[in-house]
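Biologist: Please take a close look at one part of this model for me. Begin with a single residue, its backbone and its accessibility, and then follow the contacts wherever they lead.

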Amino acid sequence: MASGTSRDVVGRGLRVLGQAIREQPRIFAVAVTGSVLFGLMVIASAYVVGAVVGKVVVPAVARGSVTDGALALAAAALFGISVLRVVGIFGRRLGAGYMQYRLQATYRRRVTRRYLDLPLAWHHRNATGTLLSNANSDVEAAWYPIAPLPFAVGTLVMLVGAVVSLFLTDWALALVGLAVFPALFALNVVYSRRMAPRQARAQRLRAEVSGIAHESFDGALVVKTMGREAQETSRFAARAGDLRDALISVGRLRGVFDPMLETLPSLGTLAVLVVGAIRLRQGAITVTELVSVAFLFTVLAFPVRAIGWVLAELPRSVAGWDRVRRVLDATGEMPYGEVALDPATPAPATLAFHDVHFGYEPAEAHLPGTEVLGEVTFTVPAGKTVALVGPTGAGKSTIASLAVRLVDPRTGTVTLDGVDVRELTAASLASTVALVAQVPFVFDDTVRANIALDRPGIGDEEVWAALRLAEADGFVAALPEGLDTMVGERGTSLSGGQRQRLTLARALAGRPRLLVLDDATSAVDPRVEAAILAGLRTPTDGGAPASILVVAYRRATIALADEVIYVEQGRVVARGTHTDLLATVPGYADLVTAYEQAEQEREQTRTYDEVTPLTSGLEVEVDR
Ligand SMILES: Nc1ncnc2c1ncn2[C@@H]1O[C@H](COP(=O)(O)OP(=O)(O)OP(=O)(O)O)[C@@H](O)[C@H]1O
Ligand SMILES: [Mg+2]
């Protein structure tokens with residue numbers, strides 16, 4: 001994924017850091033000021049210690065007694081420096097932490113916001129586990145170097161200050177500094193370049209491991225019932241093993257370079273003592289100066305590591321940033337139009353498909369996409385109910401997605417009240433149509449929140465009315481806390497049929513003018529299903545009936561429709577009333593009869609709504 005070579009990773013990493021500074025300039029300034037203060041105090045402390053040794057300790061040793069005044073002055077100076085150092089550390093730490101966590105929060109929000117904006121076609125191509133990892137560990141990784149960044153910047157200032165003060169002291173000692181500091185810097189750069197590919201690989205494997213974990217927990221039901229535990233475990237183990245190896249190789253490199261980075265300043269101190277001893281004998285420097293410089297090299301060793309920390313985190317940061325950018329820069333947005341459909345009196349809408357062709361985008365760009373729908377033309381007249389019938393895989397759900405504009409046709413048009421759905425505003429579309437999907441989805445929230453979804457004008461009264469229409473008022477009233485009952489993650493505390501009726505109520509609460517039901521009542525008792533549909537066609541509360549496009553199998557349900565559209569392999573094969581089709585289309589008759597028989601057999605062994613779902617919808621992100 002790291003598109004560049006390790007050579008330019010430092011450059012690209014610095015650009016990421018530049019981006020961070022541009023976003024949080026003030027906090028960064030506070031942190032760097034603290035860090036520079038700290039750096040200057042480190043240099044000052046070296047010179048004060050030198051002065052204490054040269055001017056207080058050495059004369060005292062020579063004389064055999066200590067001057068109280070000089071000692072008090074030295075103590076006061078050291079105390080003052082310590083206080084300023086503490087202030088510097090405080091400012092730096094606070095600023096760096098603030099900056100890092102603010103950036104993380106900002107980018108998490110941006111990434112998740114983007115997920116919601118991207119069209120369904122994009123989501124079809126991207127695994128949920130990867131998306132979780134993008135929003136989580138990739139965002140974190142991108143901003144890891146922010147924590148040591150102010151320290152490193154302050155250290156650079158400190159190094160410049162140190163070289164200047166060395167030159168002011170003695171040119172020969174300054175040369176030692178000029179040899180050691182760049183060497184330290186170069187070692188850090190080599191280190192981070194070596195690290196780059198390893199970190200990128202580890203970061204990619206983190207996403208893969210989390211993806212596999214997500215999939216196998218999400219599919220816990222299948223994994224358990226099909227006895228796939230062993231295979232899933234070994235699939236996970238293999239990837240987790242790869243991640244372990246990648247992290248070990250990171251650790252091994254760290255093991256080689258860390259001691260080198262540690263040793264270099266010590267070698268500098270040694271060189272200072274050797275060169276300094278010669279210069280002392282030549283009378284070029286004083287004892288005070290020699291002690292100061294030797295001490296300076298010792299205290300510099302630690303802050304210089306901060307530069308290494310930043311450089312070492314850069315590759316991971318670049319890898320994380322690339323993956324975050326991939327989401328933020330993802331194209332394929334579904335632009336909405338400008339037309340608003342606002343009839344004075346809410347009347348049922350007319351839906352029309354005209355010569356619609358559609359195919360899903362292939363998983364990989366170079367593969368050819370196959371056509372799923374072709375020449376689909378039909379109308380759902382205002383206030384009418386049209387049933388969509390066809391064998392599995394015929395394209396019914398795809399037609400439902402097109403009707404509510406989850407996807408757009410390749411060619412042809414889908415219109416609502418004569419307006420191409422691509423011309424409509426997002427708000428207009430949302431208030432006109434409602435889809436109850438084949439797989440019901442409920443949020444881990446209360447019944448009320450699941451139905452109202454914070455939409456304006458939907459109070460408890462509207463919620464109960466919708467529940468009544470969906471024949472769900474009975475079981476909701478019986479729940480321990482009624483509308484306030486939490487339904488559990490993905491509605492795990494509800495039966496399949498209850499979940500379906502809750503999602504139906506959610507769609508009805510918005511009073512859509514076109515209702516698209518994709519097999520939305522399959523887990524509901526057939527008698528209740530027919531009652532729901534009958535209720536929708538002729539609302540008893542005086543409201544206008546909606547137009548309904550319903551994917552259905554059951555004879556009783558289909559019989560309620562004004563017209564039946566029979567699809568096979570993405571084509572409309574026949575249309576007419578249920579009785580006509582039964583008489584004239586053999587495929588249709590076979591399908592409906594076969595379904596009825598299967599249903600009757602199932603009826604004898606199962607009671608609707610008493611099936612407790614096994615899936616717990618575990619959302620686990622395995623990370624680091
Ligand atoms: N996200 C997708 N990516 C690629 N192909 C898809 C996708 N969703 C559906 N298809 C394909 O499109 C075709 C039509 O699928 P669709 O879900 O519309 O069928 P359906 O009639 O609703 O079937 P069912 O009765 O089983 O729900 C199928 O061949 C299916 O494999
Ligand atoms: Mg379907």
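Modeller: Asp454 counts as exposed, at 79% relative accessibility. The cut-off for exposed is over 50%, so 79% clears it. Bear in mind that the model is predicted. Asp454 sits in a loop, between helix H13 (447-452) and helix H14 (460-469). What is notable about its backbone is phi, near 60 degrees. That is a positive value, and the residue is not a glycine.

Asp519 also has a positive phi, of about 55 degrees, although it is not a glycine. Its loop runs between strand S7 (514-518) and helix H17 (526-537). Is Asp519 buried or exposed? It is buried, with a relative accessible area of 12%. The limit for buried is under 20%, so 12% qualifies. Set the two side by side: Asp454 is exposed, whereas Asp519 is buried.

One more loop residue is worth a stop. Tyr336 lies between H10 and strand S1 (351-358). It is partly exposed, with a relative accessible area of 43%. Which residue has its C-alpha atom 6.2 Å from that of Tyr336? It is Leu424, which is 88 residues away along the chain. Leu424 is also among the residues that Tyr336 touches. The others are Arg405, Arg422, Thr425, Ala426 and Leu429, with residues up to four places away in sequence not counted.

Now the charged pairs. Side chains of opposite charge can pair when their charged atoms come close. How many salt bridges does the count give? It comes to 23.

Take H10 first. Glu313 forms a salt bridge with Arg316, and the closest N and O atoms are 3.6 Å apart. Both residues lie in helix H10 (residues 287-328). They are three residues apart, so about one helical turn separates them. Glu313 and Arg316 are both buried.

Elsewhere, shared partners build a network: salt bridges join Arg204, Glu208, Arg239 and Asp242. Glu208 takes part in two of these pairings, one with Arg204 and one with Arg239. The side chains of Arg204 and Glu208 meet at 3.8 Å, N to O. Both sit in helix H7, four residues apart, about one turn of the helix. Arg204 is partly exposed, at 30% relative accessible area. Glu208 is partly exposed too, at 29%.

The Arg239 pairing with Glu208 has an N to O distance of 2.4 Å. It links distant parts of the chain: Arg239 is in helix H9 (residues 229-281) and Glu208 in H7, 31 residues apart. Arg239 is partly exposed, with a relative accessible area of 27%.

H7 also has a packing partner. Two packed helices are described by the angle between their axes and the distance between the axes. For helix H6 (residues 149-169) and helix H7 (residues 171-218), the angle is about 160 degrees and the axes are 7 Å apart. Angles over 145 degrees count as roughly antiparallel, and H6 and H7 are therefore roughly antiparallel to each other. The crossing of H6 past H7 is left-handed.

Which residues of H6 make the contact? They are Leu156, Leu159, Ala162, Val163, Leu166 and Phe167. On the H7 side stand Trp171, Leu173, Ala174, Gly177, Leu178, Phe181 and Phe185. By class, this contact holds twelve nonpolar residues, one polar and no charged ones.

H6 packs with H2 as well. Here the angle is about 35 degrees and the axes are 8 Å apart. The crossing of H2 and H6 is right-handed. Its contact has 16 nonpolar, seven polar and no charged residues. So the crossing of H6 is left-handed with H7 and right-handed with H2, and neither contact has a charged residue.

Finish on Ser35, which is found in helix H2 (residues 25-63). At 1% relative accessibility, it counts as buried. Neighbours within four places in sequence aside, Ser35 is in contact with Gly88, Arg92, Pro150, Phe151, Gly154 and Thr155.

Notes. Residues numbered from 1 in each chain as written. Chains lettered and ligands numbered in written order. Predicted model: local features only at pLDDT ≥ 70, side-chain atom pairs only at ≥ 80, totals over all residues. Heavy atoms only, no water. Axes fitted to C-alpha atoms, helices over the stretch in contact; angles between N-to-C directions. Helix = DSSP H or I, 4+ residues; strand = E, 2+ residues; numbered from the N terminus. Parallel < 35°, antiparallel > 145°, perpendicular 65-115°, else oblique. Left-handed = near helix turned anticlockwise from the far one by under 90°. Contact = heavy atoms within 4.5 Å. Nonpolar A, V, L, I, M, F, W, Y, C, P; charged D, E, K, R; others polar. Salt bridge = Lys/Arg side-chain N within 4 Å of Asp/Glu carboxyl O. Buried < 20%, exposed > 50% of the residue type's maximum accessible area, 1.4 Å probe, protein only.
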